[in-house]
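Here is a quick tour for someone meeting this protein for the first time. Have a look at the fold, and then we'll walk through a few parts of it.

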Amino acid sequence: GYIASIMFFALLALRYSKHLQLLATIGMYHGCTALVWGSAKQHISLHIACFRRLLCCVMPGEPHTWTFLALDLGGTNLRVCEVQLKGNHQFTLRQQKYRVSEALKTGEATALFDYLADSVDAFLTEFPSSPNSAPPDPFATGSSALDLLDTSDSSPAVPLGLTFSFPVEQTALNRGKVLTWTKGFSAKNAIGHDVVQLLQDAFDRKHLHVRCVALVNDTVGALLSRAYTAGGCILGSIFGTGTNGAYVEKVENITKLGDSPARKHGGDMVVNTEWGAFNNTRTTLPTTPYDNKLDRESINPRLQAFEKFISGMYLGEITRNIILSLIDAAPYPILFNGRASALLNKHYGLDTAVMSEIEQAWENGRDQPSSNDKLVNGSHAISNASAAHPHPSLSTPTRHFTEVDKLSPEDRSRLERIRNIVIQRFALDAADVTLRDAAIVHWTSCLVANRAAKLSGCAIAAVLVQTEKAKLGGGFVPKDEKITIGVDGSLIEHYPNFNARLRASVRTLVGEEVEARLNIGLAKDGSGVGAALCALQATKQG
Ligand code: ADP
């Protein structure tokens with residue numbers, strides 16, 4: 001049984017070492033736009049942000065501070081922020097996270113939006129701003145959101161930008177219909193409705209003097225905030241609960257606009273690709289029985305197929321499915337003496353953060369600690385330093401579990417650490433967990449995360465090719481140009497070496513020269529800052 005399992009995993013690894021080749025082929029046949037446009041055709045929502053004008057508003061030297069509220073409904077977290085845009089690439093942000101219960105995610109939309117309004121209310125009352133005497137004007141120097149909350153009828157309402165990280169058909173800066181729910185949400189009576197109106201109605205029901213003036217997708221938020229802090233950006237992407245990307249496209253290339261005047265007018269438009277929906281036809285990328293189980297048991301079977309290979313919500317569940325199959329292997333169990341735990345038996349019982357912890361435990365014992373995902377000089381830039389020294393797990397994961405008896409003392413102590421994590425996090429009896437079990441769990445996590453990072457790299461490479469920053473197979477890049485990309489999400493921020501693995505994938509597809517020019521930076525707080533930038537634009541437009 002053990003040998004059979006090894007062969008099975010070897011097969012699995014082989015399958016996924018080939019996927020890049022496969023995607024490369026797709027790219028060649030379809031000009032590499034298939035990845036972006038394939039999903040875009042089904043789920044695209046165009047975000048018409050007056051991109052350049054917006055950034056001009058906050059160019060260096062302007063004396064004002066602009067204060068906005070931002071509300072960010074991600075897949076896992078709900079954040080309320082007060083953002084102060086200070087111009088000169090600077091901002092300050094105060095935020096509070098609130099939990100969205102499963103009942104709210106799947107209940108009536110009005111209950112969900114009431115909760116959002118309550119959270120804003122709680123933020124405004126519980127988090128007093130530094131006192132100042134500024135008038136209730138978002139453009140007043142040093143004003144704070146709380147100062148703006150003057151409930152007298154004559155005063156302007158507090159302007160708020162909403163970051164809504166679900167597919168929306170957006171038709172104006174403050175208008176967009178919900179197309180579908182993703183990431184475990186299924187609130188009733190929201191699809192087809194204007195999300196800004198749903199939120200505004202909730203504010204009004206609660207007599208909150210807050211006006212939702214702008215709607216922004218989290219990817220667009222990452223793009224805008226990175227552009228604001230770095231002075232330019234071509235792609236904003238999210239690797240958190242879900243995954244998605246938004247990039248700047250020439251309007252003339254957007255065939256969906258048909259003969260509309262906007263298309264003839266030219267210029268740039270931010271396109272939200274909804275790349276998480278790529279491969280929904282399931283004809284392009286190979287799936288394993290573990291993926292199929294996850295998909296079948298999800299609340300959106302056959303949808304968000306690409307996202308289900310990649311994002312934080314799903315990696316732990318794929319790993320759990322693999323682990324269970326190894327526990328149940330016939331005729332002999334491969335893991336944990338054939339015993340599971342209540343936690344391992346629970347749907348979504350294994351959080352991706354635990355895989356992170358397991359990989360980190362292995363990393364911590366490395367001779368030369370990897371540094372790729374560390375923030376550099378507090379500048380929120382993710383260094384590409386380790387890209388030059390690929391992590392061993394980027395290739396086929398090690399076979400150390402076959403030879404546990406021959407391990408060096410260092411590797412043994414690393415496996416000991418992993419074993420302790422496994423016992424604790426999986427709630428298993430210590431007697432059922434061997435060092436070899438720990439090694440197998442580590443290897444499984446590597447496999448699942450490697451595939452995710454490689455496919456994430458494919459999405460980024462596709463955008464580089466589409467925007468003519470790169471050619472599939474390498475060999476083209478505008479001279480001396482840095483290519484700035486903003487990323488956000490716990491997966492890319494915290495998963496050990498996720499960024500290095502992603503870069504290795506980009507390198508395979510578009511070559512070293514382009515990869516070396518990628519300036520991938522954390523658009524930390526991108527959702528809040530992006531929403532504030534859009535709210536600023538909306539307020540200026542009046
Ligand atoms: P959101 O997508 O709601 O904005 P995050 O970016 O924090 O929120 O992503 C949350 C997802 O990230 C969850 O699915 C969680 O499993 C995963 N996650 C949280 N912490 C980590 C970690 N340390 N390593 C990897 N994934 C993590």
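Let's start with a strand, β9, that is covered on both faces: Leu235, Ser237 and Phe239 are buried on one side, and Gly236 and Ile238 are buried on the other. That split fits a general pattern. In a regular strand, side chains alternate between the two faces of the sheet. Put another way, five of the five residues of β9 (residues 235–239) are buried.

What does β9 pair with? Here are its two partners, side by side.

| Partner of β9 | Direction | Bridges | A residue pair |
|---|---|---|---|
| β10 (residues 243–250) | antiparallel | five | Phe239 opposite Thr243 |
| β14 (residues 483–488) | parallel | four | Leu235 with Ile485 |

On the β10 side, the chain gets from β9 to β10 by a hairpin of three residues.

Now step back to the whole thing. This is a predicted model, and the protein in it has 21 helices and 15 strands. It runs to 542 residues, and 50% of them count as buried. Among contacts with a separation of 6 or more, 73% are between residues 24 or more positions apart.

There's a ligand too. Which residues come closest to it? They are Gly74, Gly240, Gly312, Ser356 and His494, out of 17 residues that surround the ligand. Three elements each give two or more residues to this shell: α13 (312–327), α15 (352–364) and α18 (490–494). By type, the shell has 12 polar residues, four nonpolar ones and one charged.

Helix α18 is also home to Glu493. Is Glu493 buried or partly exposed? It counts as partly exposed, because it has 18 C-beta neighbours inside 10 Å. Its C-alpha atom is 9.9 Å from that of Gly521, which sits 28 residues away along the chain.

So how much confidence does the predictor have in all this? The average pLDDT is 80, and 75% of the residues score at least 70. Among the elements, helix α14 (residues 342–345) has the highest mean pLDDT, 98, and strand β12 (residues 375–376) has the lowest, 33. Two stretches deserve a mention here. Over residues 130–152 the pLDDT is below 50, and the model gives that stretch 52 contacts beyond near neighbours in sequence. Residues 368–397 also stay under 50, with 57 contacts beyond four places in sequence. As for the overall scores, the model has an ipTM of 0.99 and a pTM of 0.83.

Methods: Residues numbered from 1 in each chain as written. Buried ≥ 20, exposed ≤ 12 C-beta atoms within 10 Å, placed from the backbone. Contact = placed C-beta atoms within 7 Å. Near = placed C-beta within 6 Å. Nonpolar A, V, L, I, M, F, W, Y, C, P; charged D, E, K, R; others polar. pLDDT = per-residue confidence, 0-100. Pairing = 2+ DSSP bridges.
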